[in-house]
Amino acid sequence: MQAREGSVLPRHICHVRKSSATINRFHVFIHSISLIALIYYRLSFLLQSAETRAHAAVLPWLIVFAGELVLSFMWLLDQAYRWRPVTRTVFPERLPEDKHLPAIDVFICTVDPKKEPTFEVMNTVISAMALDYPPEKLHVYVSDDGGSSLTLYGMKEAWEFARSWLPFCRKHGIKNPCPKAYFSSVEEEHGTEFMAERRRVQMEYEMFKDRLRTTIEKYGTRNESIRCSGDHPPSIEVIGGGQVEMPLLVYVSREKRPSHPHHFKAGAMNVLLRVSSIISNSPHLLILDCDMYCNDPTSAQKAMCFHLDPKISPTLAFVQFPQRFQNISNSDIYDSGLRCTFSVRWEGLDGLQGPVLSGTCFYIKRVAFHGSFIQNEVGFLYQSVLEDYLTGLTMHCRGWTSVYCNPSKPQFLGSGVTNMNDMLVQGTRWMSGLFDVAISNYSPLIYGPLRMSILESICYAYLAYFPLYFIPVWCFGIIPQLCLLNGIPLYPQVSDSFCMIFAVIFLSSLSKHLVEVLLTGGSFQTWINEQRIWIITSVTCDLYGSMDAVMKKIGMREASFLTTDKVMDDEKEKLYQMGKFDFRTSTPMIAPLVILVILNMASFMLGLVRVIATGDWDKMLVQVVLSFYILIMSLPIMEGMTMRKDKGRVPSSITGLSFVVVMAFLTVGSIVLKD
């Protein structure tokens, strides 16, 4: 990490992707003209005389138009990400000597050893301790929000193993600081001495793993001192303090009582902020989820290339790295890799005022948490269960900036969701947290424009209002289909020139998405999967997340935080690797999807028969195509309803219930339309 004395070479370079920006802006221009034409078409119909409108179904037109307006609004917000995308290159070899580097505190949060296996958490802890950084300037804090003695025991065992692991990594320049990942890979021959030492360290690692497994099997999670609790006293313990060439390791378990609000992860993080300010008070922090291990020991050096740049450092709050996942299959049927977020949107934000605080994988200045000029709040804010998003928003509004560092090698690797239940539960929590902000005093389009750049405000607004996607998806998923069955056209005739406008908008959106997928390393199947998951989450997560946020706002329910299960289920994993959806989730989650599919099946088949019999192709073709598109995107659900016999299929009781609901809707809807 040495640099030439007096070196003035830059430690990082920002590359503006001018060709991408030009293409994006041209697409915005063409697509915007098409949307204006669509709105003109709808308004010209609604502004006709009452006698002219008397022969048309006004209510379905209004509902579909409302969906089109919401979708157009969301599309417009989304384009801010594409205005000025950038990438960055860092040169950590140009950093100053170790003695001039600032200290770093690492925060790792865990809450439940049943859902977050202690062995996996300890691998994250050890990987953080093994970062290529001066050990006397590295301090690792673990928040055990469940107060489980198993976590404390695991940390003591991890410390003992780290006493062998860290010297081994430093001596041989090991490129993967996570022992589980390192010993799971095939190591090339490096000589007899190295291989002998590797076998010795691996043997110690296996003994460490066996001791943890034996303890879990002996006591189990039924033991009162082992299992997590929401009612326990505070506990702080420094493990192995004063050891030379070893980072400080600190166990923190805050006090929790059922009668006192604890504010979930935000509360735990703020306790770590207070505790660490007394023990080490490092000026920079690395925040990690308990399953997000360090995959490259040089991430701290890369972050310091920005934090130590005198040109940007005074206003730089944090350096965000992308979240990458080691358990994602090639097909990624649940879009767990979040490709669009970390390969498109965050690069676009980086060309503005910087990316959103993303919960994990970021190096942040401690001082950035000090003080909200509105309410004098310090640390992570509590007004949303998505504390990182809201806290990042207020930081940017206070004038701070951020940068996005996305090296070719993932700096951190975690575990993505690999079953539908976890995907929907996680997605609903995210949508609830985002909509918490949308309907609060921090709503980005109100709170943001006078405090940060307008484009940055628009990007934040897109995320906050993201749950509103449930409106157009539900509108387009049921209203045109009902009207198709009743012979009511909602779109221009094929022979009408305005029909081309709808076709251009539809194909423009799909093709632009496809191009982005292909340019970021995805495939045609990736594009299909992302379209499918967008529909699924809009129907479920966006709807329930919005409802949850509104109910919390009016006091009808308390805020909740469900931890995603990190324990691997072999049966679910097998289905995931086969590319099959696992529909074992709650009825409220799966029923809306089945209802939508059955409705579109009935609409497409019966509507097609009706169109063939009456010859109304010119009037009804658009609605036939819309139902067909939804069915194509719903093929896994149809397969789960009809063809599959495994445990992950759609339960027949759900299919039967959904069929009854669809028949009732079609009956009532037909009566209303005829009146």
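1. Start at R324 in this predicted model. The bridge partner of R324 is L413, a residue of β13. Two bridges link β10 with β13, which spans residues 412–414. These two strands run parallel.

2. That pair belongs to an open sheet of three strands. The order is β8-β13-β10, and the pairing is mixed. The edge strands are β8 (293–294) and β10 (324–325). Each of these pairs on one side only.

3. Now the eight-stranded sheet. This sheet is also open, with mixed pairing. Read across, the strands come as β5-β6-β4-β3-β7-β11-β9-β12. The edges are β5 (235–239) and β12 (401–404). Each has a single partner strand, so one side of each lacks a neighbour in the sheet. On average, neighbouring strands here are turned by 20 degrees against each other, direction ignored.

4. Look next at β7 and β11 in the eight-stranded sheet. Strand β7 covers residues 284–289, and β11 covers 362–365. Four bridges join them, and they run antiparallel. One contact to find on screen is L286, whose bridge partner in β11 is Y363.

5. Helix α8 (residues 264–279) packs on this sheet. The strands α8 touches are β3 (104–110), β4 (138–144), β5, β6 (248–253) and β7. The direction of α8 makes about 145 degrees with that of β3.

6. Helix α9 (residues 299–307) packs on the sheet too. This helix touches β3, β7, β9 (316–320), β11 and β12. Its direction makes about 145 degrees with that of β9.

7. Which strands does α9 touch that are also listed for α8? They are β3 and β7.

How values were computed
Residues numbered from 1 in each chain as written. Predicted model: local features only at pLDDT ≥ 70, side-chain atom pairs only at ≥ 80, totals over all residues. Heavy atoms only, no water. Pairing = 2+ DSSP bridges. Axes fitted to C-alpha atoms, helices over the stretch in contact; angles between N-to-C directions. Contact = heavy atoms within 4.5 Å.
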